[in-house]
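Got your viewer open? Load the model, keep the selection box handy, and let's take a walk through it.

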Amino acid sequence: MKNINKGIFMALAAAMLWGVSGTCGQFLFQKRGISVEWLMSARMLCAGALLLGAAIAKKDRDILKIWTDPKDRLKLLLFGILGMLTVQYTYFAAIKYSNAATATILQFSAPVLIAIYMALRHGHKLSLIEYISVTLAVSGTFLLVTHGNFHAFNISPLAFGLGMASAVSLAIYTLMPVPLLKKYSPISVIGWGLFIGGLAISFLKAPWNYDGVWDSYTYMNTAFVIIFGTLIPFYLYLNAVHLIGGQKASILTSAEPLSATFIAVFVLGLSFQLIDWMGTLLIIATVFLLSLQKKKVMS
């Protein structure tokens, strides 16, 4: 029970920090002209290096051991690029072309995708709750991106595509490292995952080739994204996955779209209409339905 409570707290804390960091990213992209590629390379390399340094300081043997098994080495490389890098790039690119609230809400379709994947993988049909969850998620997304008008998009098709890609990426990111986390310490898995992803994106935009307008606000928001939006929440979240499982951890990230939306509305002055709130609540409602099903399975 102690580990379960710890895992729940970690997942919620990670979600809140991600929500805030998304708003910081929106400020950097839209107000200071920072490119998505530069922010990804800087944040992932810095956060990854700091985590690996902490692992060395703790004398964590897994930091090198994880590279000795060829299968685990391949899993780690795939996790760093297809999991860690892809989920961050698509999410922040969606923010650039829309806003933090919309991108975060679209990404939050991930728990439904995970539920569908788990059902298909274990060879059983979707339950009534899962069907309802899919319907609510689709309906909420429709309201959010069209405002109920079949002939108009409230956001650009590119932003919508990136938002849905981030949802798929989050589902992959949540499920992919589970075998590694069962064998190795989270700090080594996450540290290498971030560093590998940072190296990969650096071929497009190296961290020393910075762009945009730099002032005190740029430095503060960049530091927040790297430390409180990457280093700390990724460590907390994958620890939560290790303690309570990927599906429950993803469900608890319901705090992320709420925090991102409230900050975007009340701090950045984003115009969020009633129909946007309706779409948001429909998507988030899927979390509570899936949570009820989880409790039923466990009882």
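Start by selecting Cys-46. At a relative accessible area of 37%, Cys-46 is partly exposed; here, buried means under 20% relative accessible area, exposed means over 50%, and partly exposed is in between (1.4 Å probe, protein chains only). Now pick Cys-24, which is buried at 11%.

How many disulfides are there? The count comes to zero, where a disulfide is a pair of cysteine sulfur atoms within 2.5 Å. In general, a disulfide is a covalent bond between the sulfur atoms of two cysteines.

A word on ground rules before moving on. This is a predicted model, in which local features need pLDDT of at least 70 and side-chain atom pairs count only at pLDDT 80 or more, while totals for chains, interfaces and linings use all residues. Residues are numbered from 1 along each chain as its sequence is written, and side-chain values use heavy atoms, with hydrogens and water left out.

**The whole chain**

Switch to a cartoon view. You'll find 14 helices and zero strands, with helices (H or I, at least four residues) and strands (E, at least two) taken as DSSP runs and numbered from the N terminus. Of the protein's 299 residues, 52% count as buried. Contact means heavy atoms within 4.5 Å. Among contacts with a separation of 6 or more, 85% link residues 24 or more positions apart.

**Helix H1 and what follows**

Select residues 2–31, which make up helix H1. Its 30 residues reach 43 Å from first C-alpha to last, close to the 44 Å expected at 1.5 Å a residue; the expected span is 1.5 Å times one less than the number of residues. Within H1, click on Ile-4. Ile-4 is partly exposed, with a relative accessible area of 31%. Add Leu-243 to the selection: the C-alpha atoms of Ile-4 and Leu-243 are separated by 6.4 Å, though the two are 239 residues apart along the chain. After H1 comes Gly-33, with a positive phi near 70 degrees.

**Helix H2 and Lys-59**

Next, select residues 36–57 for helix H2. With 22 residues at 1.5 Å each, H2 should span 32 Å, and its end C-alpha atoms are 31 Å apart, which agrees. Just after H2, stop at Lys-59, which takes a positive phi of about 55 degrees although it is not a glycine. Lys-59 is in the loop between H2 and helix H3 (62–65). Is Lys-59 buried or exposed? Lys-59 is exposed, at 72% relative accessible area.

**The cavity**

Time to look for empty space. Rolling a probe the size of a water molecule over the atoms shows where empty space is left. On a 1 Å grid over the protein atoms alone, a cavity is a set of points where a 1.4 Å probe fits but cannot get out, and lining residues have an atom within 4 Å of a point. Grid points are joined across faces, edges and corners, and a volume is the space filled by probe spheres set on the points.

By this rule there is one cavity of 30 Å³ or more. The largest cavity holds about 130 Å³. To see its lining, select Trp-18, Arg-43, Val-87, Gln-88, Tyr-91, Phe-92, Gln-107, Leu-170, Tyr-173, Phe-234 and Glu-256. Helix H4 (70–97) and helix H8 (157–175) are the elements that give two or more residues to this lining. H4 gives the most, with four residues.

Try coloring the lining by class: seven residues are nonpolar, two polar and two charged. Ala, Val, Leu, Ile, Met, Phe, Trp, Tyr, Cys and Pro count as nonpolar, Asp, Glu, Lys and Arg as charged, and the others, Gly among them, as polar.

**Helix H10 and the loop after it**

Select residues 186–202 for helix H10. H10 is mostly covered, with 14 of its 17 residues buried. Move on to Ala-206, in the loop between H10 and helix H11 (216–244). At 8% relative accessibility, Ala-206 counts as buried. Leaving out residues up to four places away in sequence, Ala-206 touches Trp-38 and Ser-41. Ala-206 and Trp-38 are 168 residues apart in sequence, yet 6.6 Å apart C-alpha to C-alpha.

**Last stop: Gly-279**

Finish in helix H14 (residues 274–298), where you'll find Gly-279. Gly-279 is buried, with a relative accessible area of 0%. Which residues does Gly-279 contact, leaving aside neighbours within four places in sequence? They are Gly-140 and Leu-143. For a final distance, choose Ala-137: from C-alpha to C-alpha, Gly-279 and Ala-137 are 8.4 Å apart, with their positions 142 residues apart in sequence.

Methods: 1 Å grid on protein atoms, 1.4 Å probe; cavity = no way out; pocket = protein on both sides within 12 Å on 5 of 7 lines; lining within 4 Å.
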